[in-house]
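Please read the report below alongside the sequence and the three-dimensional structure. It begins with a local contact and then widens to the whole chain.

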Amino acid sequence: MEKLIKILDQYLTIDCKQVVISNPRKTGSVTKITIRPVLIRDTLCYQVTSYVGNQVLHENLSKEVIIGEKIEEWMKQFKQLQLIHKEETVTALVNKKGGVSLSRKRVKTAVPVSLDHNRSKRYIIEEGTPVPFLVDLGVMTKEGRIVQKRYDKFRQINRFLEFVRDVEPELPKERPCTIIDFGCGKSYLTFAMYYYFKVLCKREVQMIGLDLKEDVMRHCNALAEKYGYDNLAFYTGDIRDYDGVEKVDMVVTLHACDTATDYALHKAVGWGAKVILSVPCCQHELNGVLHNDILQPMLSYGILKERFAALATDAMRAQLLTGLGYETQILEFIDMEHTPKNLLIRGVKRDKLSSDKKTGQYERFRDFLGSELTLERLLKEEPVCEI
């Protein structure tokens with residue numbers, strides 16, 4: 001292992017393009033690790049990327065930590081390391097006892113090295129061009145650089161816009177479309193959506209943000225006026241009784257707590273919204289009444305019951321939307337390392353009701369769990385079509 005540490009000490013510099021640690025000894029959670037140099041606030045460090053199933057996890061470490069603490073731990077899990085330097089490639093094979101065999105190959109043409117942080121990701125809102133609302137919200141500097149402590153928020157905003165970009169062709173083009181963001185809070189994503197449609201897509205939209213916090217909505221209105229966002233307005237109100245518009249094309253509800261999501265979804269289908277984007281939060285309703293003898297070995301553990309109830313709740317919501325003619329998907333919104341509330345329900349209206357077979361599957365699942373959701377109850381009380 002000393003050989004490998006000496007190699008890393010010599011070559012893990014600003015001229016190192018990448019280190020790839022691969023070929024795991026056992027089937028486990030991490031399948032590959034990559035390391036590359038990055039400059040963050042003019043400080044050289046190394047971005048370590050771990051591939052875990054479908055997730056990609058990042059952390060920034062110093063050279064001293066990698067060589068002094070991490071490398072031996074990693075090489076107990078993996079058999080191979082390849083270091084790609086600007087002028088030479090070094091491959092190390094490590095056996096179970098820590099013995100290392102090295103091979104080196106000179107690079108005929110020097111490999112260019114980029115030190116840009118997150119250089120490989122092309123974001124919809126790109127770093128380098130100041131965006132007024134991101135500057136005022138503390139995500140971006142006046143020069144267009146991302147504030148390092150807010151990089152997760154920057155990634156979250158762009159990830160959400162990827163979902164918006166996917167459904168944008170579904171929205172009407174012959175007229176301005178109406179979009180409502182229920183429970184918009186500080187409205188990072190509301191401003192981002194307006195910027196995406198109005199500035200990047202050159203589309204006319206009427207956008208409404210709704211939240212219970214009057215002072216926050218007042219501040220958001222002031223910002224919208226400051227940016228000249230004429231068709232973006234914020235109101236104080238409750239999701240369940242909002243009736244400020246008659247027709248809505250797209251409904252967004254992010255982290256609306258517990259049954260507030262059900263009320264928002266009911267509003268959406270009542271309007272016949274073409275697109276629904278919902279990230280549910282705090283699914284307490286089913287958790288509070290869930291009882292099933294067959295599932296009891298799992299339900300007796302609080303944390304497992306909570307997680308199961310959350311997943312079951314979102315599955316039932318998605319199936320109810322499917323029964324109402326929506327093509328539904330449940331997608332990962334943001335990495336689990338940033339928030340456990342990371343699932344997004346996306347529904348696109350197709351005007352084709354679900355088959356009796358799928359409806360029957362939903363009913364059997366609901367009856368097995370022994371409880372219906374607020375959304376189903378609302379649809380029975382104020383039906384928009386047969387469910």
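## Contacts around T129

Leaving aside residues up to four places away in sequence, T129 touches M140 and G144. In this predicted model, T129 is found in the loop between β7 (100–106) and α3 (132–136), and T129 is partly exposed because its relative accessible area is 49%, a value that falls between the limits of 20% for buried and 50% for exposed. Although T129 and G144 are 15 residues apart along the chain, their C-alpha atoms are separated by 4.8 Å.

## Two residues in neighbouring topics: S22 and R36

S22 has its place in strand β1, which covers residues 16–24, and it counts as buried because its relative accessibility is 17%. Not counting residues up to four places away in sequence, the contacts of S22 are with K32, F78, K79 and Q80.

R36 lies in strand β2, residues 30–40, and is likewise buried, with a relative accessible area of 8%. For a view of distance along the chain, one may take R36 together with A312: these residues are 276 residues apart along the chain, and their C-alpha atoms are separated by 40 Å.

## Helix α5 and its flanking residues

Helix α5 (188–200) is mostly covered, since ten of its 13 residues are buried. The buried residues are Y188, L189, T190, F191, A192, M193, Y194, Y195, Y196 and F197.

Residues with positive phi are found on either side of this helix. Most residues other than glycine have a negative phi. S187, in the loop between β8 (177–182) and α5, has a phi near 75°, a positive value in a residue other than glycine. K202, just after α5, takes a positive phi of about 55° and lies in the loop between α5 and β9 (205–211). Are these two residues buried or exposed? S187 counts as buried because its relative accessibility is 1%, whereas K202 is exposed, with a relative accessible area of 65%.

## Salt bridges

The count of salt bridges comes to 22. Side chains of opposite charge can pair when their charged atoms come close. One of the pairs is formed by K86 and D15, whose closest N and O atoms are 3.5 Å apart. This pair links distant parts of the chain, with K86 in the loop between β5 (78–85) and β6 (88–94) and D15 in the loop between α1 and β1, 71 residues apart. Both partners count as partly exposed, K86 at 28% relative accessibility and D15 at 27%.

Other pairs lie within a helix. The side chains of R317 and D314 meet in a salt bridge at 3.2 Å, N to O, and because they are three residues apart in helix α10 (residues 302–323), they are separated by about one helical turn. R317 and D314 are both buried. In helix α12 (residues 374–381), R377 and E381 are four residues apart and therefore also separated by about one helical turn, and their side chains meet in a salt bridge at 3.3 Å, N to O. R377 counts as partly exposed, at 32% relative accessibility. An α-helix has 3.6 residues a turn, so residues three or four places apart point the same way. Beyond single pairs, R366, D367, E372, E376 and K380 are linked in a network of salt bridges.

## A nonpolar surface patch

I14, L39 and L44 make a nonpolar surface patch of about 220 Å². Of these residues, I14 is found in the loop between α1 (2–11) and β1 (16–24), and it is partly exposed, with a relative accessible area of 41%.

## The protein as a whole

The secondary structure comes to twelve helices and 14 strands, and the C-alpha atoms fill a box of roughly 70 × 60 × 35 Å, taken along the principal axes. Buried residues make up 48% of the 387 residues. Among contacts between residues at least 6 apart in sequence, 65% join residues at least 24 apart.

The accessible surface comes to about 19900 Å², of which 49% belongs to carbon and sulfur atoms. The protein has 57 positive and 53 negative charges, and the mean positions of the two sets are 9 Å apart.

How values were computed
Residues numbered from 1 in each chain as written. Predicted model: local features only at pLDDT ≥ 70, side-chain atom pairs only at ≥ 80, totals over all residues. Heavy atoms only, no water. Patch = residues over 30% accessible without salt bridge, like charges linked within 9 Å, V, L, I, M, F, W, Y side chains within 5 Å. Areas by Shrake-Rupley, 256 points an atom, 1.4 Å probe, with all protein chains shown as cover. Salt bridge = Lys/Arg side-chain N within 4 Å of Asp/Glu carboxyl O. Buried < 20%, exposed > 50% of the residue type's maximum accessible area, 1.4 Å probe, protein only. Contact = heavy atoms within 4.5 Å. Lys, Arg positive; Asp, Glu negative; His and termini not counted. Charge placed at Lys NZ, Arg CZ, Asp CG, Glu CD.
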